[in-house]
Amino acid sequence: MNRYLKNLSRIEFVVTMACTGKCKHCSQGDHTGCTDNIDKAAAAAAVRKIAEEYNITSVMTFGGEPLLYPETVCAIHNAAREMNIPERQLITNGFFTSDGAKIRQVARRLKESGVNEVLLSVDAFHQESIPLSCAELFAEAVICEGVPLKVQPAWLVSPADGNVWNRRTRELIGCFTEKGIEVNEGNTIFPSGNALKYLSGYLEPMKESENPYWEDPRDIRAVCFSANGDILGSNIYEKDIVTILSEYRP
């Protein structure tokens, strides 16, 4: 076992950088022209191989909008379930189609693949371009399948700040709490990508180590696969994941 990964417990996948939203707070910037999506067989195989070597307790899929590729999301979580990884999360904005039948079909497949927590992005930023009705329809379909779902808002400055964006977010998430849907603590927007472009007046510069997604390169706790297969300075289409992990150096 690589000593720099001795505490590795989490695997994350950016399923695709393509997105149905055009959010001003997105740390990744504009998603225009993004077409990469990770190969479902390669991703599932990576989950199995990593879980054989390390004590993995959590797998997450996100994007972009991951449910533009539901087969990939389900393949990853099915592999995680097979490897007895207890936490199997999906972050989605819930808008990958407006077809009610397809939404219900995808919700059923998420249940069957073993997803056991869905975090639904709802806030003033997502709902500038994503219909609230579609997010609500997706939430209802997922809950109907018995999959736990929480609303995951993005907060500007802090959850307690009274800025206009946060006020609108509270209004939107109220549409879910009145239905008994739980709201997660969410996340505070990091000054990067679109957030710097559109919201710089609200945000203070931060050090890289203050980024909530920053990993200590000498003590990696989570590995994240990019949509093009990149991971830890290598690529799973060019080198076996076990080799990548064993050869990793800060």
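Select I11 together with V223 in this predicted model, and you will find that V223, in β9, is the bridge partner of I11. Widening the selection to the strands around this pair brings in strand β9, residues 222-225, which pairs with β1 in the parallel sense over four bridges.

Next, keep β1 in view and add strand β2, residues 58-63, which also runs in the parallel sense to β1, the two being joined over six bridges. To see one position along this pairing, pick E12 and look across to M60 in β2, which stands opposite E12.

Before leaving this region, select the whole of β1, residues 10-16, and show the surrounding surface: seven of the seven residues of this strand are buried, that is, under 20% relative accessible area, so β1 is largely enclosed by the rest of the structure.

From there, turn to the surface and select V157, V164 and Y202, which form a nonpolar patch with about 240 Å² of accessible area together. Within this patch, V164 belongs to helix α5, which covers residues 164-177, and V164 counts as partly exposed because its relative accessibility is 46%, a value that lies between the limits of 20% for buried and 50% for exposed.

For the last stop, select R3, K6, R218 and R249, which gather on the surface in a patch of positive charge. Among them, R249 can be located by following the chain past α7 (241-247), since R249 is found in the segment after that helix; with 51% relative accessibility, R249 counts as exposed.

Definitions and conventions
Residues numbered from 1 in each chain as written. Predicted model: local features only at pLDDT ≥ 70, side-chain atom pairs only at ≥ 80, totals over all residues. Heavy atoms only, no water. Patch = residues over 30% accessible without salt bridge, like charges linked within 9 Å, V, L, I, M, F, W, Y side chains within 5 Å. Areas by Shrake-Rupley, 256 points an atom, 1.4 Å probe, with all protein chains shown as cover. Salt bridge = Lys/Arg side-chain N within 4 Å of Asp/Glu carboxyl O. Lys, Arg positive; Asp, Glu negative; His and termini not counted. Charge placed at Lys NZ, Arg CZ, Asp CG, Glu CD. Buried < 20%, exposed > 50% of the residue type's maximum accessible area, 1.4 Å probe, protein only. Pairing = 2+ DSSP bridges.
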